[in-house]
Amino acid sequence: MDYLFTGPENEIPLDGLPTYMESIWDKIRNDKDLDIPSQKQLLANLRCGELKQQSLVHFSQISEQLFKEANEGYYPDFGIETTQLINEALEVYDENGRRYHPVVY
């Protein structure tokens, strides 16, 4: 007989596979610890946090020279250039972050 899994405790006949898989998904849907939407949200929390940190590092690296020049004296375009840097950092975050769970993003 053809089995999907082998071993005395794991033998699932291929013709019983749909019922077996349906049973597994029912258990997953009803088990709060295996709740797929919450797992997606956890992933979004992790990745969006990492993306935020990457954007901040990117902003810090690029703006360092701008801030040095501004500290040396009058810098007429400081506001404009700072706004552009902030927008660039936000675009980097948005480009990757929007793929994740909307509640987190």
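Trainee: In which helix do R47 and E50 both lie?
Mentor: This is a predicted model. R47 and E50 are 3 residues apart, about one turn of the helix. The helix spans residues 36-71, and its name is α2.

Trainee: How far apart are the closest N and O atoms of R47 and E50?
Mentor: A salt bridge needs a side-chain nitrogen of Lys or Arg within 4 Å of a carboxyl oxygen of Asp or Glu. R47 and E50 form such a bridge. Their closest N and O atoms are separated by 2.5 Å.

Trainee: Why is E50 partly exposed rather than buried?
Mentor: Buried means under 20% relative accessible area, and exposed means over 50%. E50 lies in between, so it counts as partly exposed. Its partner R47 is also partly exposed, at 22%. For E50 the relative accessible area is 33%.

Trainee: Which residue forms a salt bridge with E64?
Mentor: The count for the model is 2 salt bridges. E64 sits in helix α2, and its partner lies 4 residues apart from it, about one turn of the helix. The closest N and O atoms are 3.6 Å apart, and the partner is K68.

Trainee: What is the relative accessibility of K68?
Mentor: E64 is partly exposed, with a relative accessible area of 46%. K68 also counts as partly exposed. The value for K68 is 43%.

Trainee: Is S55 buried or exposed?
Mentor: S55 is placed in helix α2. Beyond its neighbours within four places in sequence, S55 is in contact with A89, V92 and Y93. The cut-off for buried is under 20%. At 6% relative accessible area, S55 is therefore buried.

Trainee: What angle lies between the planes of F59 and F67?
Mentor: The whole structure holds 3 aromatic pairs. F59 and F67 make one that is edge-to-face, 6.4 Å centre to centre. F59 is buried at 18%, whereas F67 is partly exposed at 31%. The planes of F59 and F67 meet at 70°.

Trainee: Why is the pair of Y75 and F78 edge-to-face?
Mentor: Planes over 60 degrees apart count as edge-to-face. The ring centres of Y75 and F78 are 6.3 Å apart. F59, F67, Y75 and F78 form one aromatic cluster. The Y75 and F78 pair is edge-to-face because its planes are at 90°.

Trainee: What is the area of the nonpolar surface patch made by Y20, M21, I24 and W25?
Mentor: Y20 is placed in helix α1, residues 17-30. Y20 is partly exposed at 32%. Together with M21, I24 and W25, Y20 makes a nonpolar surface patch of about 350 Å².

How values were computed:
Residues numbered from 1 in each chain as written. Predicted model: local features only at pLDDT ≥ 70, side-chain atom pairs only at ≥ 80, totals over all residues. Heavy atoms only, no water. Helix = DSSP H or I, 4+ residues; strand = E, 2+ residues; numbered from the N terminus. Buried < 20%, exposed > 50% of the residue type's maximum accessible area, 1.4 Å probe, protein only. Patch = residues over 30% accessible without salt bridge, like charges linked within 9 Å, V, L, I, M, F, W, Y side chains within 5 Å. Areas by Shrake-Rupley, 256 points an atom, 1.4 Å probe, with all protein chains shown as cover. Contact = heavy atoms within 4.5 Å. Phe/Tyr/Trp six-rings, centres within 6.5 Å; stacked < 30°, edge-to-face > 60°.
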